[in-house]
Number of protein chains: 4
Amino acid sequence: MDASVENKRVLITQADHYMGPACVEIFEQEGADVVADTSDLSTESACRKLIDGAGVIDVLIANLAAPNHYGTLVTELEEPAWTEVFDLLVHPLHRLARFALPQMIERRKGKIVVFGSATPLRPMGRLAAYSAARGAQISYVKSVGVEVARHNVQVNLIAQNWVENPAYYPPKLQENPKFQNNLREQVPLGRLATPREDIALALFLASDKSDFFVGQAIPFAGGWAS
Amino acid sequence: MDASVENKRVLITQADHYMGPACVEIFEQEGADVVADTSDLSTESACRKLIDGAGVIDVLIANLAAPNHYGTLVTELEEPAWTEVFDLLVHPLHRLARFALPQMIERRKGKIVVFGSATPLRPMGRLAAYSAARGAQISYVKSVGVEVARHNVQVNLIAQNWVENPAYYPPKLQENPKFQNNLREQVPLGRLATPREDIALALFLASDKSDFFVGQAIPFAGGWAS
Amino acid sequence: MDASVENKRVLITQADHYMGPACVEIFEQEGADVVADTSDLSTESACRKLIDGAGVIDVLIANLAAPNHYGTLVTELEEPAWTEVFDLLVHPLHRLARFALPQMIERRKGKIVVFGSATPLRPMGRLAAYSAARGAQISYVKSVGVEVARHNVQVNLIAQNWVENPAYYPPKLQENPKFQNNLREQVPLGRLATPREDIALALFLASDKSDFFVGQAIPFAGGWAS
Amino acid sequence: MDASVENKRVLITQADHYMGPACVEIFEQEGADVVADTSDLSTESACRKLIDGAGVIDVLIANLAAPNHYGTLVTELEEPAWTEVFDLLVHPLHRLARFALPQMIERRKGKIVVFGSATPLRPMGRLAAYSAARGAQISYVKSVGVEVARHNVQVNLIAQNWVENPAYYPPKLQENPKFQNNLREQVPLGRLATPREDIALALFLASDKSDFFVGQAIPFAGGWAS
């Protein structure tokens, strides 16, 4: 067992969604004391209540997903769909960070790891809302990471794409020959990442080994973006 | 006179704010037919009305400013301040683009130029909301730029900092010796850009000369970020 | 006529190659006093002699091309081919800059514009030497640009790809249906840039209008890279 | 013990220099079978001989250092100093990769990890040769990484700065109050990385856990660059 998150108290949001299930399973295997949260993050008071009730948080895993509306033309991207993406990806991130950081700053120790996206690093059309919101996450992490580093608290983001997960790559899509062809052409490594590979990076960023990583968005995309 | 925007119909938003006044003045000097708008952009219907009432728009200058709350700690950045920045910088950008693009796509000709910020390119602490929102603008422009390029419509952003303007560099700040010292240390060129220099780039991006620029965030910061 | 380079003395290297012919023609049309050089740049003394003999240089256009060996596997890229790319693209750039900068620094005015490549911005396989050398140019320009900005001398680079020129896109290649298909799929704008569009950016960077651009590598690739 | 490099055969170049000593020590602690090389890398034949004589190489650690000539003005950077930096940092990297890759490609398994620099990511003046050469390394790794990924071989680079090592941060410099002040102002984390923290990243990139990292230059600089 890699001792690096052993006995650390790790809060994982949206534990039943996106990278949540794999993250809970593997962090527990590694000996972390996992708080697998599935509560609503859509209001300031809900987030405050979640953090206040969670006790010590050594590591916050901000696992946030949203419909990406891939394929919708920008001219047909209506206000509710647009707004929803920010409501799910961006605003909860600030609420969670804002309420979790004070205890980390006080202890001069803590990590926030965000499961983000590589799409802002290699722009795609028909993905305007999702790109903008994932880009907001990256810029947020960079600014906040630089700000809180002097308290020995580290905030980083995994800028991933082509990682196996039920939210974006359901089995049916994976079996589609057109998708498989696309994967081979677009991703130099030629395959999806397993959840375990993705969580290995999250473990590294959650551990004491990565203290020198500050406000970074680390591409994790099999060479699709770097 | 540089003929490049002569007789082009140019809609400039928030014409009385940020880069608006300089932009209106110089685009008019260059022969553009300027629509200097100062209307409210806070709702979908207001933006739709503005664009529908503006007639032909050859060039949309998305000039959007917001309080940057510089100096506020991320842990003290409250919900209303956070939300306001997105309401002023991000959501109106989508509304304006969404409603202005169809006529440009139909004519197979048009430009959107966004006055954005370089802060996402060189992260600063105590600037979380502003960084995130300006980062969202950049990622939005990259995605939409790539999407609409095949219609010969170009969307680009000026990622600026250290440009003289009343919103962020009022005369009082400029006279402050500490600010002057900071300027010399942080900006390799050692001075603020004049509004005219900034608008020269906007003119270039608004003209037919820049058709090959697609979905770019062009740093404009005297070497502070590149 | 755009007065921005009128009467400026502009040294263009390798005037018979790559962007040279178009650059000479268009800068002359714009009223520049062009020195169209075709001399050898392969030694320190040759470069020193060229610059010493050129008199006043308001603008240095570092137009340098090399075989890109595209398609050669990295494991088959032999020492002479590897070395040649650096000898043609990288070492002459330093020699030219080193000898031309003192007179610019002394006058507190001058520009260096490099015709570089976008390939380092969107990595491609089977292009190792060329990518490395073009990447060296970009990093060189960024460092030198930041260094000399305080003397009001600006050094910038056009990170181009998909620009029509006889060195990389001979007519035969352009007529190839496979190439045309590739162009439509890879380049959001769906076409090559004309030399005139490329030179328009060079003119902008050579003019007094772009003093606030410092040490930048500006993507110019129709949306292929940004 | 972290099993991730256990029993892997790891060739570390310049084992007595830069990150070499710490790298040898820690990889051995982790159970790797280390070949600590100190041979000359200045010719093609020497590099070929080294690789041919090394037997199986699961992981190649390209540890290459050079004088950075920091402080030398670009106008005073003479040919021999310029050339030497490329001779030490860039050309050996290609030779090592070119000769080591075939066996990795044949086994469909292998890693190259380069100790590179973050300086190209945040441009500094008076550092032209070093910046250009370290930038060449980054672009090389990106291109080669993308090329060989389909063979399940991964090539990545640690873009580091502010990491304790005798080559760039001798004890005397570290004791200098001006340096300490500079460190606090420039590096958000406020301290140098220990060699162990740096090697932790190298271990991760050398292990099977990081197969999805392809052609990346990972900033490692305490927030100084990201």
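How are helix 3 of chain B and helix 5 of chain B oriented to each other? They are roughly parallel. The model is predicted, and this report follows its helix contacts first and its paired chains second.

## Helix 3 and helix 5 in chain B

Helix 3 of chain B covers residues 79-89, and helix 5 of chain B covers residues 128-148. Their axes lie 9 Å apart and make an angle of about 25°. Angles under 35 degrees count as roughly parallel, so helix 3 and helix 5 of chain B earn that description. Their crossing is right-handed.

Which residues of helix 3 of chain B meet helix 5 of chain B? They are B:W82, B:V85, B:F86 and B:L89. On the side of helix 5, the partners are B:A128, B:A129, B:Y130, B:A132, B:A133, B:R134 and B:Q137. By class, this contact of helix 3 with helix 5 in chain B holds nine nonpolar residues, one polar and one charged.

## Helix 3 and helix 4 in chain B

Helix 3 of chain B also packs with helix 4 of chain B, residues 91-107. Here the axes come within 3 Å and cross at roughly 20°. That makes helix 3 roughly parallel to helix 4 in chain B. From helix 3, the residues in contact are B:F86, B:D87, B:L88 and B:L89. From helix 4, they are B:H91, B:P92 and B:L93. This contact of helix 3 with helix 4 in chain B counts five nonpolar residues, one polar and one charged.

## A helix pair across chains C and D

Another pair joins two chains. Helix 4 of chain C (residues 91-107) packs with helix 3 of chain D (residues 79-89). The angle is about 150°. Angles over 145 degrees count as roughly antiparallel, so helix 4 of chain C and helix 3 of chain D are roughly antiparallel. The crossing of these two helices is right-handed.

C:H91, C:H94, C:R95 and C:R98 meet D:E79, D:W82 and D:F86. The residues of this contact between helix 4 of chain C and helix 3 of chain D split into two nonpolar, two polar and three charged.

The three pairs are set out below.

| Helix pair | Angle | Axis distance |
|---|---|---|
| Helix 3 and helix 5 of chain B | about 25° | 9 Å |
| Helix 3 and helix 4 of chain B | roughly 20° | within 3 Å |
| Helix 4 of chain C and helix 3 of chain D | about 150° | 11 Å |

## The contact of chains C and D

How many residues does the contact take from chain C and from chain D? The count is 38 residues from chain C and 38 residues from chain D. Together these chains bury about 3200 Å², with 63% of it on carbon and sulfur atoms. Three residues of chain C stand out: C:V74, C:E79 and C:E147 supply 19% of the area that chain C buries against chain D, more than any other three residues.

## How the copies are related

A turn of 180° and a shift of 0.0 Å along the axis lay chain C on chain D, with an RMSD of 0.0 Å. The two copies are thus related as by a two-fold rotation axis. In chain C, the C-alpha nearest this axis belongs to C:A136, 2.2 Å away. Both copies use the same surface, as 100% of the contact residues of chain C recur in chain D.

Chains B and A form another such pair. Chain B is laid on chain A by a turn of 180° and a shift of 0.0 Å along the axis, with an RMSD of 0.0 Å. B:A136 comes closest to the rotation axis among the residues of chain B, its C-alpha at 2.2 Å. The same surface serves both copies here too: 100% of the contact residues of chain B recur in chain A.

How values were computed: Residues are numbered from 1 along each chain as its sequence is written. Chains are lettered from A and ligands numbered from 1 in the order in which they are written. This is a predicted model: local features need pLDDT of at least 70, side-chain atom pairs count only at pLDDT 80 or more; totals for chains, interfaces and linings use all residues. Side-chain values use heavy atoms; hydrogens and water are left out. Copies are superposed by least squares on the C-alpha atoms of residues with pLDDT of at least 70 in both. Contact means heavy atoms within 4.5 Å. Axes are lines fitted to C-alpha atoms, for helices over the stretch in contact, and angles run from 0 to 180 degrees between N-to-C directions. Helices (H or I, at least four residues) and strands (E, at least two) are DSSP runs, numbered from the N terminus. Angles under 35 degrees count as roughly parallel, over 145 as roughly antiparallel, 65 to 115 as roughly perpendicular and the rest as oblique. A crossing is left-handed if the near helix is turned anticlockwise from the far one by less than a right angle, and right-handed if clockwise. Ala, Val, Leu, Ile, Met, Phe, Trp, Tyr, Cys and Pro count as nonpolar, Asp, Glu, Lys and Arg as charged, and the others, Gly among them, as polar. Buried area is the accessible area (1.4 Å probe) that two parts lose on being put together, summed over both.
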